[in-house]
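User: I'm new to this structure and would like a relaxed walk through it. Can we take it one question at a time?

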Amino acid sequence: MNDRTSYSEPKLARTLLEDMRRGDLRKTIRRDYQDLRQFILNEEQHKRLKEMGRVKRFFFLSWWMLKSLLLKLTPARRLLLALAFVLLLFQDKINFNGENVHIVFNFNVLAGIIVLFILMLELKDKLLAREELEAGQAIQKALMPQRSPEVPGWRLWLFTRSANEVGGDLIDFLSLNKSKFGIAVGDVAGKGLRAALLMAKLQATMRALVTDFTSLGTFVAKLNQIFNRDSLPNLFASLLYIEFRADSDTVRFVNAGHLPPVVVKKASIHKMDKGDAALGLLPGAAFTEHSVELKREDILIAYSDGLTDAQNEQG
């Protein structure tokens, strides 16, 4: 028996046939096109397009997309792509005739080869970036708590799902001692790797400092001070930190710019008051500790804007 792991190269024809059989091909292309427009065009360009007629909109949109594509490439790839566009303007073939040699040179073929080469380079970069993001995603998942931590007298359920491979959402469960526990729900402004790195730092800082404070307001104020010192300009993070004890009815919490938690009782729903400033906005901000009494079967719901902003394709 061969010890080597067998690998079968996918058949191109079969793969293309399976792609054609997919029932969501048109839907996927439409969604990709909308994502491309959102990525390339700024808010001002979107407004201008709405004021244009169909023909004018087509030419402006095509030019803006082409310009954005060129500007986002590296200098060498940008020059190659510009050269390919120039070659596409030449429709005639060039014939080289010698005594025994006859060569036909087609500029369009050369332009296609250049474009294909640039696509291969961009695909290589994308695959490398995806591998790094997948590694970051694995680390983020490793830092997440189990979905249903066990605490005497409580039933807990934690859930998070990132919109991208990695993101700035935080949900954490802290076992402070045998009878005291904490839950943190947070969100760094923005998405992607930058937000994920800042959230990982915030999570590590929170875990390192939480047992040093008895006042939740003072604890979050210290987090805010450190976040202001170490974060990037114009970035902030919302944080809802909840603390409770086993077999108790009281929940203490501090809300730093996060969506207010909701208490669901048998016959009513109570939305908590709006919290204090988000982390990173005001270096010397003060934070107020709140508390709520929960009876048996009452539910405390803490959530992020990923829940309230969720939309289908129709908006």
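User: Let's start with β7 and β8. How many bridges pair these two strands?

Analyst: This is a predicted model, so everything here is computed from it. Strand β7 covers residues 237-245 and strand β8 covers residues 250-256. They pair in the antiparallel sense, and the number of bridges is 6.

User: Which residue in β8 is the bridge partner of I242?

Analyst: Strands of a sheet pair through backbone hydrogen bonds, either parallel or antiparallel. For β7 and β8 the sense is antiparallel. Looking across to β8 from I242, the bridge partner is F253.

User: Which strands stand at the edges of the open sheet of 5 strands?

Analyst: The order in this sheet is β5-β6-β7-β8-β11, with antiparallel pairing. An edge strand has a single partner, so one of its sides is left without a neighbour in the sheet. That description fits β5 (169-175) and β11 (290-293).

User: By how much are neighbouring strands of this sheet turned against each other on average?

Analyst: Take the strands in their order, β5-β6-β7-β8-β11. With direction ignored, the average turn between neighbours is 20°.

User: Which strands does helix α7 touch as it packs on the sheet?

Analyst: Helix α7 spans residues 192-209, and its direction makes about 20° with that of β5. Another helix, α8 (residues 216-230), lies across β7 and β8 and runs at about 25° to β8. As for α7, the strands it touches are β5, β6 and β7.

User: Is G217 buried or exposed?

Analyst: G217 lies in helix α8. Leaving aside neighbours within four places in sequence, G217 is in contact with V254, F287 and E289. The C-alpha atoms of G217 and V254 are separated by 6.5 Å, though the two are 37 residues apart along the chain. The relative accessible area of G217 is 9%, and because the cut-off is under 20%, G217 counts as buried.

User: What ties K201 to D230?

Analyst: K201 lies in helix α7 and D230 in helix α8, so the pair ties together parts that are 29 residues apart in sequence. K201 is partly exposed at 39% relative accessibility, and D230 is partly exposed too, at 31%. Their side chains meet, at 3.4 Å from N to O, in a salt bridge.

User: Which residues are linked with D125 in a network of salt bridges?

Analyst: D125 meets R77 in a salt bridge at 2.7 Å, and K124 in another at 2.9 Å. The D125 and R77 pair links distant parts of the chain, with D125 in helix α6 (residues 107-143) and R77 in helix α5 (residues 75-88). R77 is buried at 11%, while D125 is partly exposed at 30%. The residues linked with D125 in the network are R77, E122 and K124.

User: What is the order of the open sheet of 3 strands?

Analyst: Strand β9 (residues 262-264) and β12 run antiparallel, joined by 3 bridges, and V262 stands opposite I301 in β12. β10 (269-271) and β12 each have a single partner strand, so they stand at the edges. That gives the order β10-β9-β12.

User: One last stop. Which residues make a nonpolar surface patch with F58?

Analyst: F58 is found in helix α4 (residues 54-72). At 54% relative accessibility, F58 counts as exposed. The patch is about 360 Å², and the residues that make it with F58 are V55 and F59.

Note on methods: Residues are numbered from 1 along each chain as its sequence is written. This is a predicted model: local features need pLDDT of at least 70, side-chain atom pairs count only at pLDDT 80 or more; totals for chains, interfaces and linings use all residues. Side-chain values use heavy atoms; hydrogens and water are left out. Patches are made of residues with over 30% relative accessible area and no salt bridge: like charges are joined within 9 Å, nonpolar side chains (Val, Leu, Ile, Met, Phe, Trp, Tyr) within 5 Å. Accessible areas come from the Shrake-Rupley method with a 1.4 Å probe; for residues, only the protein chains shown count as cover. A salt bridge is a side-chain nitrogen of Lys or Arg within 4 Å of a carboxyl oxygen of Asp or Glu. Helices (H or I, at least four residues) and strands (E, at least two) are DSSP runs, numbered from the N terminus. Buried means under 20% relative accessible area, exposed over 50%, partly exposed in between (1.4 Å probe, protein chains only). Two strands pair if DSSP finds at least two bridges between them. Axes are lines fitted to C-alpha atoms, for helices over the stretch in contact, and angles run from 0 to 180 degrees between N-to-C directions. Contact means heavy atoms within 4.5 Å.
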